[in-house]
Amino acid sequence: MKSVIKNTNNLLFFDKKITLRLQKLANKSEKKRSRICCHLSTRNKINEMVIYLKKKSYVRPHIHPHNKSESYTILKGRMKIFVFDKFGKVKKIIEMGDINSGKNFFYRMSNSFWHMPIAFDSDCIYHETYCGPFRKNKDVKYAPWAPKESDAKEIKIFLNKLNI
């Protein structure tokens, strides 16, 4: 995937330049997002990423079925985390922003919830931590009641129903 940077360094640190690189990748990405994987392997016990999410980039609602924890810390911009029941009804909306916004800047999920992050600023950057190892075929299940990321028409309808 062209919008993903994989880390190869045992000592990793960033300045603002990484956000500009992620922005360029997200602007070129069909999904309007990019990330840098800070972990060296998905087999690591902790997987960390810095994610650049453009406004209204659609991340299909999903669940982590093995109660693996996940957290987000907002570095820039605003986003909402939609939490759904198993039928797709919105149970909670968590409004997030950076620490100076007055909104929640940190979110952690310790149980399996159907969820979907969505950016509400043109540039939203957040740090995600996931309890590894990460095995995509076992650790993420996509909502059957939500459109696939390739179905632009259904995504628009779905987001409109959520008033996005």
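Which exposed residues does the face of helix 3 turned away from its buried side carry? They are Lys153, Lys156 and Lys161. Here, exposed means over 50% relative accessible area, buried means under 20%, and partly exposed lies in between, with a 1.4 Å probe and protein chains only.

This is a predicted model, in which local features need pLDDT of at least 70, side-chain atom pairs count only at pLDDT 80 or more, and totals for chains, interfaces and linings use all residues. Residues are numbered from 1 along each chain as its sequence is written, and side-chain values use heavy atoms, leaving out hydrogens and water.

**The whole protein**

Let us start with the overall picture. The protein has three helices and eleven strands; helices (H or I, at least four residues) and strands (E, at least two) are DSSP runs, numbered from the N terminus. Along the sequence, they follow the pattern β-α-β-β-β-β-β-β-β-β-β-α-β-α. The C-alpha trace spans about 45 × 35 × 30 Å along its principal axes. Of the 164 residues, 43% count as buried. Among contacts (heavy atoms within 4.5 Å) with a separation of 6 or more, 72% come from residues 24 or more positions apart.

**Two helices with two sides**

Now compare helix 1 and helix 3 in the table.

| Helix | Buried residues | Arc of buried residues |
|---|---|---|
| Helix 1 (residues 17-28) | Ile18, Leu22 and Ala26 | 70° |
| Helix 3 (residues 152-161) | Ile155, Phe158 and Leu159 | 95° |

The arc is that of the directions from the helix axis to the C-beta atoms. An α-helix has 3.6 residues a turn, so residues three or four places apart point the same way.

Helix 1 has twelve residues and reaches 17 Å from its first C-alpha to its last, close to the 16 Å expected at 1.5 Å a residue; that expected span is 1.5 Å times one less than the number of residues. Its buried residues are Ile18, Leu22 and Ala26. Because these cover an arc of only 70° around the axis, they sit on the same side of helix 1. Their cover includes strand 1 (4-6), strand 2 (33-37) and strand 3 (46-54). On the other side, Lys17, Lys24 and Lys28 are exposed.

In helix 3, the buried residues are Ile155, Phe158 and Leu159. They fall within an arc of 95° seen down the axis, so they line one face of the helix. Strand 6 (78-84) and strand 9 (114-119) are included in what covers them. Just after helix 3, Asn163 takes a positive phi of about 60°.
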